Amino acid sequence: AVAPSDSNVIYVGSVHDAVYPELPFNLDGAHIFKSSDGGQSFPEMSNGFPIETKTSINAIVVHPTNPHIAYAMTSLHESETAIGIFKTVDGAQSWFSVNDGLDVFTNDLQMDPLNPNVLYAASESGVYKTTDAAISWRKASTGLPKGPVIDMAIDPLNPLILYAITPEDIYRTRDGAEHWYSANLGLPLLQPGAVVLSAQDRLL
């Protein structure tokens with residue numbers, strides 16, 4: 001992720017790959033790196049993040065005006081587990097968990113570009129929302145089916161509009177995830193009766 005307010009600041013997360021166990025990798029666990037010089041160097045800056053965890057850092061979002069504030073979201077995709085979201089407020093000098101009220105099996109993370117205290121997390125049990133910069137989360141899945149939300153997108157001009165995709169369908173909200181409705185006109189969907197497994201189910 002490149003900091004919107006300073007293009008010299010770049011955050012990078014790694015993956016503990018469990019898809020190809022026969023291949024050697026340079027890193028075990030998951031690690032966070034940061035460049036402050038436009039990519040010329042990337043020192044590891046993982047203090048506070050449990051680097052021994054077999055997880056995937058699947059999304060990083062950076063505050064629109066403060067490059068020192070960033071969030072790193074983990075996922076079990078391509079890896080073995082997920083540990084939710086970690087945050088830094090000091091430019092990756094330290095990281096801390098921000099999972100109060102959140103399903104830690106997260107799949108995506110979106111930040112409101114106009115109000116960066118508002119974030120949305122897609123998880124294996126639906127969508128969660130914070131309005132206090134991830135101090136606390138609440139479920140915001142009214143209208144979504146029970147089960148995983150795989151990915152999300154936020155309208156950059158009107159961030160009350162978001163889209164969420166599940167294994168079966170695509171959904172839209174116009175009120176900041178208070179209500180969701182199907183928005184699949186023209187998209188091919190699963191056949192009736194098809195069985196969908198979540199990422200967690202596939203590991204069993």
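**Entry 1: a salt bridge**

I started with Glu178, which forms a salt bridge with Lys129, and the closest N and O atoms are 4.0 Å apart. I then looked up where the two sit: Glu178 is in the loop between strand 14 (170-173) and strand 15 (181-182), while Lys129 is in strand 10, so the pair ties together parts that are 49 residues apart in sequence. Note to self: this is a predicted model, and I should keep that in mind with every value I jot down.

Next I checked how open each partner is. Lys129 is buried, at a relative accessible area of 11%. Glu178 is partly exposed, at 30%. The cut-off explains the labels: buried means under 20%, so 11% counts as buried and 30% does not.

**Entry 2: a second partner**

Which other side chain meets Glu178 in a salt bridge? I found Arg138, at 2.5 Å from N to O. This pair also links distant parts of the chain, with Glu178 in its loop and Arg138 in strand 11 (residues 138-139), 40 residues apart. Arg138 is partly exposed, and its relative accessible area is 38%.

How many salt bridges does the count come to? I got 2. Lys129, Arg138 and Glu178 are linked in a network of salt bridges.

**Entry 3: strand 9 and its neighbours**

Lys129 had brought me to strand 10, so I followed that strand to its partner. Strand 10 (residues 126-130) runs antiparallel to strand 9, and 5 bridges join them. The two form a hairpin with 2 residues between them. I picked out one bridge pair here: Ala122 has Val127 in strand 10 as its partner.

Strand 9 also pairs with strand 8 (residues 106-111), again in the antiparallel sense, over 5 bridges. Here I wrote down Gln110, whose bridge partner in strand 9 is Tyr120.

Is strand 9 buried or exposed? I went through residues 119-123, and 5 of the 5 are buried, so the strand is largely enclosed by the rest of the structure. A reminder from class: in a regular strand the side chains alternate between the two faces of the sheet. I sorted the residues that way and found both faces covered. Leu119, Ala121 and Ser123 are buried on one side, and Tyr120 and Ala122 are buried on the other.

**Entry 4: the cores**

Another reminder: in soluble globular proteins, nonpolar side chains tend to be buried together. I looked for that here, and the largest nonpolar core has 16 residues. Tyr71, Ile85, Leu109, Leu119 and Trp137 have the most contacts inside it. Strand 4, strand 5, strand 8 and strand 9 each supply at least two of its residues. There is another core apart from this one, with 15 residues, including Tyr11, Ala30, Met45 and Ala92.

I took a look at Leu119 on its own. Leaving out residues up to four places away in sequence, Leu119 touches ten-odd names I could list, but I'll keep to a few: among them are Val61, Tyr71, Leu109, Tyr128 and Trp137. Lys129, from my first salt bridge, is also one of the residues Leu119 touches.

**Entry 5: an open sheet**

Val61 and Tyr71 turned up again when I checked strand pairing, as Val61 stands opposite Tyr71 in strand 5. Strand 4 and strand 5 (residues 70-75) run antiparallel and are joined by 6 bridges. They belong to an open sheet of 4 strands, in the order 4-5-6-7, with antiparallel pairing. Which strands are at the edges? They are strand 4 (56-62) and strand 7 (96-97), and each pairs on one side only.

Technical notes. Residues are numbered from 1 along each chain as its sequence is written. This is a predicted model: local features need pLDDT of at least 70, side-chain atom pairs count only at pLDDT 80 or more; totals for chains, interfaces and linings use all residues. Side-chain values use heavy atoms; hydrogens and water are left out. Two strands pair if DSSP finds at least two bridges between them. Buried means under 20% relative accessible area, exposed over 50%, partly exposed in between (1.4 Å probe, protein chains only). A salt bridge is a side-chain nitrogen of Lys or Arg within 4 Å of a carboxyl oxygen of Asp or Glu. A nonpolar core is a set of buried Ala, Val, Leu, Ile, Met, Phe, Trp, Tyr and Cys residues joined through side-chain atoms within 4.5 Å. Contact means heavy atoms within 4.5 Å.
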